[in-house]
Amino acid sequence: MTELHTPSATIPHPGAVAIAGLLAAVATLGAPPAAAYPLDGHERTGITRLLHQRGIQEGRIPGRKRPPGELLPSAQVDLRLLDRHDLELPAPDPDLTARVKALLGADVDRYGIALLDLSDPATPRYAEWNGAQRQNPGSVGKILVALAIFQALADIHPQDIAARERVLRESMIVADAFSVYDHHTVRFYDPATGTLRRHPIQEGDTASLWTYLDWMMSPSSNSAAAMLQKHLMLLVHFGRDYPVSREEEARFFNDTPYEERTRIFLDAMRTPVTRNGLDINELRQGSFFTRGGKKRVGGASSYATPRALIQYLLRMEQGLLVDEWSSREIKRLLYITERRIRYASSGALRDSAVYFKSGSLYSCKPEPGFKCRKYHGNERNYMNSVAIVETRAGENRLYYMTAVLSNVLRKNSAVDHRDLARAIHARLLADHPVDDTDRAARARFGEGFIGYAEERAAIRLAADTQEALLALGYDIGPIDGILGPGTRSGIREFQRDQGLAATGEPSADLLERMRRVARERGLARPVAAN
């Protein structure tokens, strides 16, 4: 999600390395990608990389497991405001806005932020600062490519969801000159051989329309976005005859004058914005995401405002982006199910479901004592984030959406957004306190999650062990299912009292011993026979 890192050609560079080489070097510095879509979605979508990560979660494939916030099945990734079509953005709440502004520090004027707190559905709260501030959205503009694709599909097949899914799953896109060039790697997983490759999209790489959507929204591939923009034009032009042969594609682009190609493209990108109740003066993706695309089709400027981005997310949650099915699919494409970056990387969001897109654009100019680095531009340093947060995943006791546009110079903007996410989350948790020591809630957390059975069992064992220790009189603090220092100290003390090795590790056998000792001492009720 780090495209559009374009340091200026005026950056001083040591040695005799050419500016072109510098730009290429900077292009390789992109942050590791996040990935989206629920991990059980392969059978319906055909997105094969989901099989790989799901295999890791279920222990069938070696690899790093993902935190619980990323493990919701498709059925739990749903729209939450379907019964609130009447909900509009409330007037900004002065108190909440003041508290949010206080989090921005001395550079407050270099931010635009919108925050919609829906944790209490009956009384939504909205904070806005510089809500009409326009900025190039970078990769956030890809949510408009997704909107345009789903609008085109709905126009072609208005009453036939199965036909739309068939087009997404079976229409094959072959990367060509429009895809050139992007450094973001995408995943190529072959279930037959079990091999996983990662590399940037290259000319000739072939995958379904649904997979290209995943590549655009998850690792934020510019190449994938440009190929989708090309195929958006084909969808709009050929309608029910789409997909067409590669020869027909070539004939269309060769025979259609440049000005007409540009008109078709701009209409296809702009019209869905206004048709879906959004303000084209505040939200527009006006150009292709690659040089290859821009060379072949003209465009216009791109911009977004925090207010318009929140309105996009709100209408999505209401099922009002195109229709309910399209809104749900866009939300699933935004659901992070692999590595989190920038705003979404905050550890405070580990147990949260996060629906996220970000984009950046920085450039540098000569400045004594200043060295141009990734996300530290001194001429411009745009960072943009949109996120819906459901805390904790599957429980949604805290539910909010936010859009942040910043241009804080010489500061690591990726880290800045991560820290801001933590601060906003803490602010809202304070406004909506929840009892995180509730053992029943902790026992429920993770039900139905993909590949989370072992972790849930470990949490239950920890909570049961804590309950047994408290019954025996050990002072370990609250029951929270977390093996902290107090719990481990209590386990070791019990083990020493019983003449056991003091490991501090829980086990099913040790738990049964604790319960037996408690019953023998009259500290626990007898267990009724079955």
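The bridge partner of L116 in strand β2 is Y126, and this pair makes a convenient entry point into the sheet of the predicted model. Strands β1 and β2 pair in the antiparallel sense, with five bridges between them. Both faces of β2 are covered: R125, A127 and W129 are buried on one side, as are Y126 and E128 on the other. Because five of the five residues of β2 are buried, this strand is largely enclosed by the rest of the structure. The alternation seen here follows a familiar pattern: in a regular strand, side chains alternate between the two faces of the sheet.

Before going further along the sheet, a word on confidence is in order. The protein has an average pLDDT of 89, and 90% of the residues score at least 70. Over residues 1-33, however, pLDDT stays under 50. For that stretch the model has 78 contacts beyond four places in sequence.

The sheet as a whole is open and has five strands, arranged in the order β2-β1-β11-β10-β9 with antiparallel pairing. Its edge strands are β2 (125-129) and β9, each of which pairs on one side only. From one strand to the next, the twist averages 5 degrees. Between β10 and strand β11 (residues 398-407), the antiparallel pairing extends over 10 bridges, and I388 stands opposite M401 in β11. Helix α12 (residues 306-317) packs on the sheet, where it touches β1 (111-117), β2, β10 and β11. The direction of α12 makes about 150 degrees with that of β11.

At the other edge, strand β9 (residues 353-363) is joined to strand β10 (residues 380-391) by 11 bridges, and the two run antiparallel. Within this pairing, F356 stands opposite A387 in β10. Is this edge strand mostly buried or exposed? Strand β9 is mostly covered, with 11 of its 11 residues buried. A353, Y355, K357, G359, L361 and S363 point one way from β9, while V354, F356, S358, S360 and Y362 point the other way. All of these residues are buried. Helix α13 (residues 324-334) lies across β9 and β10 and runs at about 65 degrees to β9.

One disulfide is counted in the model. It joins C364 to C372, with an S to S distance of 2.1 Å. Such a link is a covalent bond between the sulfur atoms of two cysteines. The link of C364 and C372 is right-handed, with 65 degrees about the S-S bond. What sets the surroundings of its two ends apart is accessibility. C364 counts as buried because its relative accessibility is 1%, whereas C372 has a relative accessible area of 21% and is therefore partly exposed. The cut-off for buried is under 20% relative accessible area.

Helix α16 (residues 453-471) completes the picture. Its 19 residues reach 27 Å from the first C-alpha to the last, close to the 27 Å expected at 1.5 Å a residue. Which residues of α16 are buried? They are R456, A462, A463, D464, T465, Q466, A468 and L469. As background, an α-helix has 3.6 residues a turn, so residues three or four places apart point the same way. After α16 comes G473, whose phi is positive, near 95 degrees.

Note on methods. Residues numbered from 1 in each chain as written. Predicted model: local features only at pLDDT ≥ 70, side-chain atom pairs only at ≥ 80, totals over all residues. Heavy atoms only, no water. pLDDT = per-residue confidence, 0-100. Contact = heavy atoms within 4.5 Å. Buried < 20%, exposed > 50% of the residue type's maximum accessible area, 1.4 Å probe, protein only. Helix = DSSP H or I, 4+ residues; strand = E, 2+ residues; numbered from the N terminus. Pairing = 2+ DSSP bridges. Axes fitted to C-alpha atoms, helices over the stretch in contact; angles between N-to-C directions. Expected span 1.5 Å × (residues − 1). Disulfide = S-S within 2.5 Å.
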